[in-house]
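Trainee: Please take a close look with me at the enclosed space inside this structure. I would like to know what surrounds it and how the neighbouring parts are packed.

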Amino acid sequence: MKVSQRTVRLELTEPLRISRSTMAARDAVWLAIEHRGTRGYGEAVTSTYYGLDAARLGRLLHEAGREVARCATPESALDALRAGELPAPGTPPAVTAAVESALLDLAGKRAGVPVHRLLGAAEAPHAATARTIGITSYRAAAEQARLLTRRGFSVLKIKAGAPDPEDDLDRVLAVRNAAPHARLLLDPNGAWSPALADTLLPRYAALGVEAVEQPLAPGDPEALAALAARSPLPVIADEDAVGFEDARRLAGRVHGINVKLAKCGGVTAALRIADLLTGSGTALMLGCLTASTLGLAPAVHLADRARWTDLDGHLLLAHDPWTGIGGTDGTVRAGREPGLGVRPVHAAPPPGEEPADWETAGQETPGPARDGEAAQ
């Protein structure tokens, strides 16, 4: 197999402010895995919070690509990834997720079926996605809410954690008045203390907020679970629930867990967490980082498994370089075409003709393959 990568810049339509930072753009590294003239694609995006800049992502994907290229087929590479043999131990989850995405895309194309069929779902999943409103003035938030609901959005997620908590309350009230029928989610990104949460949560419940995501600073899951036990509205863990063991610790003790493929390690890891949560009393939320359609597509193929779907990262971009999952009308839909069902807005190069700005990360070579089969 041949593996290559490319780094691109993703600009947001407008800066997104949350409690701990403001973001106007981020870098993405695209991974392409080719086998017998067919390509599969994946994406990893930079994250200051998780310590991943473009240089580190590129280096890690290059290393993972060399391992993938040693496998005989995409299917055997997927088997190795699911068994924990690929990529190397210690690889960040975002890199593993991008590799798995490209392999699933390629395997689906080779089999002639969409990824959700590979995962056991007969019908293409679709779901109403939340649309994020950042920390801004209450007037701007109200105008965004009006525009979004006119376009078809029924779920709005409002960022909180401003220095003055009353500013957040004014923003939520303005959104509620502007979009009286919308479902509202609240996300302080860990900005509150337990005492402040106890004061604010009843007030947000009175405004009809449906659930609050990671109200407390991450690092003390016991405090988050204790808050969930006394909260007047559902509490969803995000930063305190990175991987499977975190989810196991909180299952049945919080009302929801936000599973992001980039933080848990991809589709296989997300499905393990979803199985763990079944019957526990803790619901699944599917979330994302700001990324392109390519980066979000694998999660959309799982959208029918979640109580809350927050897959709007591609909708925040000034120009999404990929297409295929929709969302502008408030609903994301898995593609029915083979693989992930996404395609670049500008036509991809023909097989075997890699553009100059793609860097080769791994190349199949004659001789024994990783799994003992003949290299193909």
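Mentor: Happy to. On a 1 Å grid over the protein atoms alone, a cavity is a set of points where a 1.4 Å probe fits but cannot get out, and its lining residues have an atom within 4 Å of a point. This is a predicted model, in which local features need pLDDT of at least 70 and side-chain atom pairs count only at pLDDT 80 or more, while totals for chains, interfaces and linings use all residues. Residues are numbered from 1 along each chain as its sequence is written, and side-chain values use heavy atoms, leaving out hydrogens and water.

Two cavities of 30 Å³ or more turn up in the structure; a volume here is the space filled by probe spheres set on the points, which are joined across faces, edges and corners. Let's begin with the second largest, which holds about 40 Å³ of space. Its lining is made up of Ala270, Leu271, Ala274, Leu284, Leu286, Leu302 and Arg305. By type, six of these are nonpolar, none is polar and one is charged (Ala, Val, Leu, Ile, Met, Phe, Trp, Tyr, Cys and Pro count as nonpolar, Asp, Glu, Lys and Arg as charged, the others, Gly among them, as polar). Helix 11 (267–277) and strand 11 (283–287) each give at least two residues to this lining, and helix 11 has the largest share, with three. Helices (H or I, at least four residues) and strands (E, at least two) are DSSP runs, numbered from the N terminus.

Helix 11 deserves a closer look. Its buried residues (under 20% relative accessible area; exposed is over 50%, partly exposed in between, with a 1.4 Å probe and protein chains only) are Val267, Ala269, Ala270, Leu271, Ile273, Ala274 and Leu277. Their cover includes helix 3, helix 9 (244–250), strand 10 (256–260), helix 10, strand 11 and helix 12, where contact means heavy atoms within 4.5 Å. Just after helix 11 comes glycine 279, with a positive phi near 80 degrees.

Helix 9, part of that cover, contains glutamate 245. Glutamate 245 counts as partly exposed because its relative accessibility is 46%. From glutamate 245 to isoleucine 273 the separation is 28 residues in sequence and 9.0 Å in space, C-alpha to C-alpha.

Now for the largest cavity, whose volume is about 260 Å³. Of its 19 lining residues, Glu43, Leu261, Ala262, Gly295 and Leu296 are the closest to its centre. At least two lining residues come from each of strand 3 (38–45), helix 3 (93–111), helix 10 (261–264) and helix 12 (293–300). This lining splits into 14 nonpolar, three polar and two charged residues.

Helix 3 leads us on to the packing. The largest nonpolar core, a set of buried Ala, Val, Leu, Ile, Met, Phe, Trp, Tyr and Cys residues joined through side-chain atoms within 4.5 Å, has 116 residues, and those with the most contacts inside it are Ile33, Leu156, Leu186, Tyr204 and Ile257. Helix 3 provides the largest share of this core, 10 residues. Apart from this core lies another, of eight residues, including Ala130, Leu185, Ala211 and Ala283. Leucine 186, beyond residues up to four places away in sequence, touches Ile158, Ala160, Val172, Trp192, Tyr204, Val209, Ala211, Val212 and Glu213.

Note on methods:
1 Å grid on protein atoms, 1.4 Å probe; cavity = no way out; pocket = protein on both sides within 12 Å on 5 of 7 lines; lining within 4 Å.
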